[in-house]
Amino acid sequence: MALRPDEFYDHAVAAADSERRLPLARMTGWDISPFEQEGLRVAPLRPPVLPEPARHGEDPADCRTCRERDEGIWFNEHWRLARVAGVGVPLVLMLYPRDHHDMADLPDDLAAELGLLTTRIVRHVQALPHISRAHVYRIGDGGAHLHVWFFARPEGQAQLFGSWLPVWDDLLPEYPADVADADAAIVADALVASHGGRRSAAT
């Protein structure tokens, strides 16, 4: 059984300093870290907050993602794929079920399709010129409606390898929207060919 919230907090702060600051992560010493260790420090660890605040969309009637079920670059009966605007890497896509589901309550048929879609989207993103890798993330703390992220890592940018990519994305200047739109359209067309569905008329 996992530690209770208070036990977890006590365990963590036992390794912290008098201000509840933990040591810098090993990751900050990696050569792909966007931060130099000198002058960098960890924020104080705050005590647990219980009950946790509700995520956006816990009530489907208030779910913005449900209201956007017809927005995106590609659709089929159960899923939609959208391009995330304002990012720093070449392309960020988000896959959502069109109906209100989270990962834990996804019906088995949709879970199976999620696996196929994830693989096919990764293939199509990685087939784009000058893209080396498609990273896939599912977090889930901010919204109750399942959303799966796909980040395209630009070719040759070895400093953007691995788990720091979303942080680098937040630091980089905004990528040209017209280039991202064109690449998103290529991915949408490839997904129609490999998985069916339809591309958005606006893409």
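**A walk through the predicted model**

Select F35 to begin: its relative accessibility is 32%, so F35 counts as partly exposed, a class that lies between under 20% for buried and over 50% for exposed. Keep in mind that the model is predicted.

**Aromatic pairs**

Searching the whole structure gives three aromatic pairs. F35 belongs to one of them: its ring centre is 5.8 Å from that of W164, and the planes stand at 75°, so the pair is edge-to-face. Show both residues in the context of the chain. F35 is in the loop between α1 (5-13) and α2, while W164 is in the loop between β5 (148-154) and α4 (165-171). The two are 129 residues apart, and the pair links distant parts of the chain. Is W164 buried or exposed? W164 has a relative accessible area of 10%, so it is buried.

Next, select Y137 and F151. Their rings are also an aromatic pair, edge-to-face, with 5.3 Å from centre to centre and 85° between the planes. Because Y137 belongs to strand β4 (residues 131-137) and F151 to strand β5, the pair ties together parts that are 14 residues apart in sequence. At 19% relative accessibility Y137 counts as buried, because the cut-off is under 20%. F151 is buried as well, with a relative accessible area of 6%. Add W149 to the selection: ring pairs link Y137, W149 and F151 into a cluster.

**The sheet**

Switch to a cartoon view. The protein chain has five helices and six strands, running α-α-β-β-β-α-β-β-α-α-β from the N terminus. How are the six strands ordered in the sheet? They form an open sheet, β4-β5-β3-β2-β1-β6, with antiparallel pairing. At the edges are β4 and β6 (198-199), each of which pairs on one side only.

Start at the β6 edge. Strand β1 (residues 74-75) and β6 are antiparallel and pair over two bridges; select F75 to find R198 of β6 opposite.

Now colour β3 (91-97). Seven of its seven residues are buried, so this strand is mostly covered. Its side chains go two ways: L91, L93, L95 and P97 point one way, and V92, M94 and Y96 point the other.

β3 has pairing partners to examine. Strand β2 (residues 79-83) pairs with β3 in the antiparallel sense over five bridges, and R80 has Y96 as its bridge partner in β3. Zoom in on these two residues: R80 lies over the face of Y96, 4.0 Å from the ring centre. β5 pairs with β3 in the antiparallel sense over five bridges; for L95, the bridge partner in β5 is V148.

**The largest pocket**

Keep Y96 and M94 selected, as both line the largest pocket. Extend the selection to the other lining residues: H56, G57, C63, R64, T65, E68, G143, A144, H145 and H147. About how much space lies in the largest pocket? The value is about 210 Å³. Among the elements, α2 (64-67) and β3 each supply at least two residues of the lining. By type, the lining divides into four nonpolar, six polar and two charged residues.

**Zooming out**

Finally, display the whole chain. Its C-alpha atoms fill a box of roughly 60 × 40 × 25 Å along the principal axes. Of the 203 residues in the protein chain, 37% are buried.

Definitions and conventions. Residues are numbered from 1 along each chain as its sequence is written. This is a predicted model: local features need pLDDT of at least 70, side-chain atom pairs count only at pLDDT 80 or more; totals for chains, interfaces and linings use all residues. Side-chain values use heavy atoms; hydrogens and water are left out. On a 1 Å grid over the protein atoms alone, a cavity is a set of points where a 1.4 Å probe fits but cannot get out, and a pocket is an open set with protein on both sides within 12 Å along at least five of seven lines; lining residues have an atom within 4 Å of a point. Grid points are joined across faces, edges and corners, and a volume is the space filled by probe spheres set on the points. Helices (H or I, at least four residues) and strands (E, at least two) are DSSP runs, numbered from the N terminus. Ala, Val, Leu, Ile, Met, Phe, Trp, Tyr, Cys and Pro count as nonpolar, Asp, Glu, Lys and Arg as charged, and the others, Gly among them, as polar. Rings of Phe, Tyr and Trp (its six-membered ring) pair if their centres lie within 6.5 Å; planes under 30 degrees apart count as stacked, over 60 as edge-to-face and the rest as tilted. Buried means under 20% relative accessible area, exposed over 50%, partly exposed in between (1.4 Å probe, protein chains only). A charge sits over a ring if NZ of Lys or CZ of Arg is within 6 Å of the ring centre and within 35 degrees of the ring normal. Two strands pair if DSSP finds at least two bridges between them.
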